[in-house]
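These are my notebook entries on one structure, written up in the order in which I looked things up.

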Amino acid sequence: MNSRNPIIWKDHKLFLLDQRLLPQEEVFVEVNDLTHCALAIKNMIVRGAPCIGFTAIFGMALWIRNTKEININTVRMACDELIAARPTAVNLSYEVNRCYEMMKRGLQEKKSIEEIYKDLVSFGNEQIFLSGERNLAMAKIGVADLKKRLGDRQWNLMTHCNTGFLACGSLGTALGVISHANSLGMVKHVYADETRPYMQGTRLTAFELGKEKIPYSIVVEGAASYLMSHNKVDAIFVGADRIAANGDTANKVGTSTLAIVAKHYGVPFYVVAPISTFDLATENGNGIEIEMRAEEEITDLRGIRLAPVGARSVNPSFDVTDHRFITGIICEKGLINPQIVGELERIVTT
Ligand code: MRU
């Protein structure tokens with residue numbers, strides 16, 4: 001098995017690369033049923049908005065294969081168990097609700113359980129495959145816009161959290177733009193935020209940049225202002241977990257601070273995300289639920305206590321970046337200027 005494919009479906013079984021152990025160990029975990037799948041999502045064996053959604057599709061396939069009592073009510077309950085695993089990334093409910101519709105149709109058309117199961121498995125594999133094409137389309141849009149803005153030269157780029165193949169199952173969103181720019185010889189250096197407290201930048205983005213031989217440095221989030229005020233960053237690319245109708249964007253905690261600093265120093269700030277991350281039913285960022293995670297993720301580091309005994313912490317896993325701080329939102333259908341009212345909906349729904 002190859003760590004470039006963090007989600008593998010083989011011989012009726014789901015294998016997930018355990019991202020908690022990276023980069024020291026590359027271990028795949030076998031996931032046997034829906035509850036195990038929901039736990040793997042909750043405990044971040046698999047993470048990143050697109051990968052969470054793809055994993056859940058295979059979770060539904062495991063469920064239908066293992067379950068005796070299958071009707072529209074039990075299907076809905078299974079879907080809801082998965083959706084509850086992580087609340088902020090809308091890709092999870094987007095993919096699970098597509099499975100629900102597919103299963104409902106299958107039951108109405110009196111398809112056999114085996115047929116519905118096969119449909120779910122091919123749907124999961126197809127979504128991972130299509131994400132490769134979509135990510136490349138977004139990468140091309142990102143590079144073209146940056147070329148227009150900054151000219152045909154090598155760029156210093158910055159990113160937050162992890163948005164490459166580990167999060168997307170293929171090229172990646174924000175990191176996809178960076179990889180693509182690098183393949184064209186346009187990347188001078190990448191600054192990867194360490195991404196406290198879960199260290200997705202230090203552990204995962206650095207792992208991916210290293211595999212791609214892209215020159216990089218890990219920086220603490222607090223270095224953003226230093227780097228930008230010393231003209232060390234030409235542009236910033238980040239991913240998203242949910243984008244509201246007005247362009248307000250939920251992403252890993254710290255993204256919003258980065259965007260505000262970027263606005264102050266006039267550094268272009270892009271959000272890169274597929275259509276499955278847009279939530280047009282949510283008017284603005286105030287309506288996005290932010291996942292609160294365990295206090296130990298902050299007070300401890302891999303089981304070692306850092307904070308004094310009894311110290312408390314507050315651990316919002318995401319924050320919302322106001323659309324006014326975002327230069328452009330890139331999806332597979334094009335580049336959205338979030339300052340133009342209605343443009344997001346027009347591009348996403350055409
Ligand atoms: O908590 P995580 O690691 O699942 O958070 C991931 C992020 O915030 C990513 O930036 C986001 O999902 C976009 S992935 C293309």
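**Entry 1. Ligand surroundings**

I began with the ligand and listed its neighbours in this predicted model. I found 18 residues around the ligand, and the closest are Arg47, Arg86, Gln200, Asn251 and Lys252.

I then looked up individual distances to oxygen atoms of the ligand. For Arg47, an N or O atom of the side chain is 2.5 Å from a ligand oxygen atom. For Gly48, I noted a polar backbone atom at 3.0 Å from an oxygen atom of the ligand. For Ala49, a polar backbone atom lies 2.9 Å from a ligand oxygen atom. Arg47 is thus entered with a side-chain atom, whereas Gly48 and Ala49 are entered with backbone atoms.

**Entry 2. Helix H8**

Gln200 led me to helix H8, which covers residues 200–211. I checked its length: at 1.5 Å a residue, the 12 residues should span 16 Å, and the end C-alpha atoms are 15 Å apart, which agrees.

How many of the 12 residues of H8 are buried? I counted nine, and I recorded the helix as mostly covered. The buried residues are Gln200, Gly201, Arg203, Leu204, Thr205, Ala206, Phe207, Glu208 and Leu209. Gln200 is therefore on two of my lists, as one of the closest residues to the ligand and as a buried residue of H8, under the 20% cut-off for relative accessible area.

Against what do the buried residues of H8 pack? I noted strands E4 (155–159), E5 (187–193), E6 (216–219) and E9 (249–252), together with helices H6 (165–168) and H7 (174–183). After H8 comes Lys213, whose phi is positive, near 55 degrees.

**Entry 3. The sheet containing E9**

I followed strand E9 into its sheet. The sheet is open and has four strands in the order E11-E8-E9-E14, with mixed pairing. Strands E11 (278–279) and E14 (318–321) are at the edges with a single partner strand each, so one side of each has no neighbour in the sheet. E9 and E14 run antiparallel and are joined by four bridges. Within this pair, Thr249 stands opposite Thr321 in E14. Helix H10 (residues 255–265) packs on the sheet and touches E9 and E14; its direction makes about 30 degrees with that of E14.

**Entry 4. The sheet E1-E2-E3**

I turned next to an open sheet of three strands, ordered E1-E2-E3, in which the pairing is antiparallel. Which strands stand at its edges? They are E1 (7–10) and E3 (28–31); each has a single partner strand, so one side of each is left without a neighbour in the sheet. On average, neighbouring strands here are turned by 25 degrees against each other, direction ignored.

Strand E2 (residues 13–17) pairs with E3 over four bridges in the antiparallel sense, and Leu16 is placed opposite Val29 in E3. Helix H1 (residues 34–42) packs on this sheet, in contact with E2 and E3, and its direction makes about 145 degrees with that of E3.

**Entry 5. Glu295**

Last, I looked up Glu295, which is in the loop between E11 and helix H11 (296–299). Is Glu295 buried or partly exposed? Its relative accessible area is 21%, so I entered Glu295 as partly exposed; the cut-off for buried is under 20%.

I also listed its contacts. Leaving out residues up to four places away in sequence, Glu295 touches Ala311, Arg312 and Ser313. Glu295 and Ser313 are 18 residues apart along the chain, yet their C-alpha atoms are separated by 5.2 Å.

Terms used
Residues numbered from 1 in each chain as written. Predicted model: local features only at pLDDT ≥ 70, side-chain atom pairs only at ≥ 80, totals over all residues. Heavy atoms only, no water. Helix = DSSP H or I, 4+ residues; strand = E, 2+ residues; numbered from the N terminus. Expected span 1.5 Å × (residues − 1). Buried < 20%, exposed > 50% of the residue type's maximum accessible area, 1.4 Å probe, protein only. Contact = heavy atoms within 4.5 Å. Pairing = 2+ DSSP bridges. Axes fitted to C-alpha atoms, helices over the stretch in contact; angles between N-to-C directions. Near = heavy atom within 4 Å. Polar contact = N/O pair within 3.5 Å; in protein donor to acceptor, adjacent residues only side chain to side chain.
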